[in-house]
Amino acid sequence: MKELTLKELYTTLDPNEQANMIRFFSAKLFVSPTTAVYYLRGYRQLPRMKRPMLTEYAERTYAVKLKFS
């Protein structure tokens with residue numbers, strides 16, 4: 001399993017998968033699409049309490065282990 005940052009994962013996805021990830025942020029992590037894009041592009045740090053759910057989603061959907069700085 002590859003280990004990537006959230007930004008690296010987001011940039012490797014095609015536009016449709018990027019949109020799916022933004023929808024996941026909106027539905028499961030309860031953030032607006034604009035805030036989701038800020039997290040995904042690395043402009044903001046993802047809060048610690050939201051990391052476990054996102055890590056599980058990335059492992060299940062993309063077979064990627066997320067690393068946070």
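# A tour from the largest pocket to the core

Begin by selecting Thr5, Leu6, Lys7, Tyr39, Gly42, Arg44, Gln45, Leu46, Lys67, Phe68 and Ser69, the residues that line the largest pocket of this predicted model. The space in this pocket comes to about 210 Å³, and if you colour the lining by residue class you will find 4 nonpolar, 4 polar and 3 charged residues.

**Around the pocket lining**

Stay with the lining and pick Ser69, which belongs to the segment after S2. With 81% relative accessibility, against a cut-off of over 50%, serine 69 counts as exposed. Draw a distance from its C-alpha to that of glutamine 45, and the two, although 24 residues apart in sequence, are 8.8 Å apart in space; both Gln45 and Ser69 are among the lining residues.

Next, select Gly42, another residue of the lining, which comes just after H3 and has a positive phi of about 85°.

**Helix H3 and the core**

From glycine 42, step back into helix H3, which spans residues 33-40, and show the side chains of Thr35, Ala36, Val37, Tyr39 and Leu40, the buried residues of this helix. If you now display H1 and H2 as well, you can see the two helices against which the buried residues of H3 pack.

Then widen the selection to the largest nonpolar core, a set of 22 residues in which Leu9, Met21, Phe25, Leu40, Leu54 and Tyr62 have the most contacts. Helix H1 (6-12), helix H2 (15-28), helix H3 (33-40), H4 and strand S2 (64-66) each give two or more residues to this core.

To follow one of these residues outward, centre the view on leucine 54, whose contacts, leaving aside neighbours within four places in sequence, are Leu6, Phe24, Phe25, Leu29, Leu46 and Leu66. Two of these partners, Leu6 and Leu46, also appear in the lining of the largest pocket.

Move on to threonine 55, which is located in helix H4 (residues 51-62). Is threonine 55 buried or exposed? Its relative accessible area is 18%, and so threonine 55 falls under the 20% limit and is buried. Apart from neighbours within four places in sequence, threonine 55 contacts Leu66 and Phe68, and Phe68 is one of the residues lining the largest pocket.

**Aromatic rings**

Now show the aromatic side chains, among which a search of the whole structure finds 5 pairs. One of them joins phenylalanine 24 and phenylalanine 25 in an edge-to-face arrangement, with 6.3 Å centre to centre and 90° between the planes, and both of these residues are buried. Another edge-to-face pair is made by tyrosine 38 and tyrosine 43, at 6.0 Å centre to centre and with 65° between the planes. In this second pair tyrosine 38 is partly exposed, at 33% relative accessibility, while tyrosine 43 is exposed, at 57%.

Extend the selection to Phe24, Phe25, Tyr39, Tyr57 and Tyr62, which ring pairs link into a cluster. Tyr39 can be recognised here as one of the buried residues of H3 and as part of the pocket lining.

**Two positive phi angles**

The last stops concern the backbone. Most residues other than glycine have a negative phi, which makes the next two residues worth a look.

Select phenylalanine 30, in the loop between H2 and H3, where phi is near 55°, a positive value in a residue other than glycine. How accessible is phenylalanine 30? Its relative accessibility is 69%, so phenylalanine 30 counts as exposed. Not counting residues up to four places away in sequence, phenylalanine 30 touches Phe25 and Lys50. A C-alpha to C-alpha distance drawn to leucine 46, 16 residues apart from phenylalanine 30 in sequence, gives 12 Å.

Finally, go to alanine 63, in the loop between H4 and S2, where phi is likewise positive and near 55°. With a relative accessibility of 45%, alanine 63 counts as partly exposed.

Key. Residues numbered from 1 in each chain as written. Predicted model: local features only at pLDDT ≥ 70, side-chain atom pairs only at ≥ 80, totals over all residues. Heavy atoms only, no water. 1 Å grid on protein atoms, 1.4 Å probe; cavity = no way out; pocket = protein on both sides within 12 Å on 5 of 7 lines; lining within 4 Å. Points joined across faces, edges and corners; volume = space filled by probe spheres on them. Nonpolar A, V, L, I, M, F, W, Y, C, P; charged D, E, K, R; others polar. Helix = DSSP H or I, 4+ residues; strand = E, 2+ residues; numbered from the N terminus. Buried < 20%, exposed > 50% of the residue type's maximum accessible area, 1.4 Å probe, protein only. Contact = heavy atoms within 4.5 Å. Core = buried A, V, L, I, M, F, W, Y, C linked by side-chain atoms within 4.5 Å. Phe/Tyr/Trp six-rings, centres within 6.5 Å; stacked < 30°, edge-to-face > 60°.
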